[in-house]
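Visitor: I would like a close look at a single part of this model, with its surroundings described in careful terms. Please take one residue as the starting point and work outwards from there.

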Amino acid sequence: MAIDGPFSNHQGNSIMAAYFIGFAKVQDAGKAQEYSAKAGPTIGPAGGSVVGRGKLAEVLAGAVDAHSCLIVKFASVDAAKAWYNSPAYQALIPLRDEAIHSTFVLIEEPN
């Protein structure tokens, strides 16, 4: 189900929204709090908006080794990758790697 539908670029081609989904298992609570406080403000300027976050309540099938999950919507996969690869976010990766074990994926909204 589409939330906002496709975005359109100047050539008239359809660009589908993308969702960054991050799973995190906290290793150091203090550093995780510091990482979150610093990483959060990098999302909005890159065009992202948090659509959901919280503690994992239950795994219904398979295995997930995480305590929490974050879902961020971007206009496109390229926009999400631009945020992830931005100097502002890249500078936080050493702190992130000390604070949490993470798995990040991008999904593209279907047509």
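Visitor: In which strand is F23 found?

Guide: F23 is found in strand β3, where helices (H or I, at least four residues) and strands (E, at least two) are DSSP runs numbered from the N terminus. This is a predicted model, in which local features need pLDDT of at least 70 and side-chain atom pairs count only at pLDDT 80 or more, while totals for chains, interfaces and linings use all residues. Residues are numbered from 1 along each chain as its sequence is written, and side-chain values use heavy atoms, with hydrogens and water left out.

With a relative accessibility of 24%, F23 counts as partly exposed; on this scale buried means under 20% relative accessible area, exposed over 50%, and partly exposed in between, for a 1.4 Å probe and protein chains only. Leaving aside residues up to four places away in sequence, F23 touches L56, V64, A66, S68, C69, H101, S102, T103 and F104, a contact being heavy atoms within 4.5 Å. One of these partners, C69, is 46 residues from F23 in sequence, yet the two C-alpha atoms are 4.5 Å apart in space. For the protein as a whole, 73% of the contacts between residues at least 6 apart in sequence join residues at least 24 apart.

Strand β3 also takes part in a salt bridge, that is, a side-chain nitrogen of Lys or Arg within 4 Å of a carboxyl oxygen of Asp or Glu. Here the side chains of K25 and D65 meet at 3.0 Å, N to O. K25 lies in β3 (residues 18–26) and D65 in the loop between β4 (49–55) and β5 (68–74), so this pair ties together parts that are 40 residues apart in sequence. K25 is partly exposed at 25% relative accessible area, whereas D65 is exposed at 60%.

The structure holds 4 salt bridges, and another of them belongs to helix α1 (residues 29–43), where E34 and K38 lie 4 residues apart, about one turn of the helix. Their side chains meet at 2.9 Å, N to O, with E34 partly exposed at 34% and K38 partly exposed at 43%.

Helix α1 itself has 15 residues and reaches 21 Å from its first C-alpha to its last, close to the 21 Å expected at 1.5 Å a residue, the expected span being 1.5 Å times one less than the number of residues. The buried residues in α1 are A32, Y35, A39, T42 and I43. Seen down the helix axis, these buried residues fall within an arc of 90°, so they line one face of α1; the arc is that of the directions from the helix axis to the C-beta atoms. Turned away from that buried side is a face carrying the exposed residues Q33, A37 and P41.

A further salt bridge joins D97 and R96, whose closest N and O atoms are 3.2 Å apart. In this pair D97 is partly exposed at 48%, while R96 is buried at 8%.

To place these parts in the whole, the protein has 4 helices and 6 strands, and from the N terminus on its elements run β-β-β-α-β-β-α-α-α-β. Buried residues make up 29% of its 111 residues.
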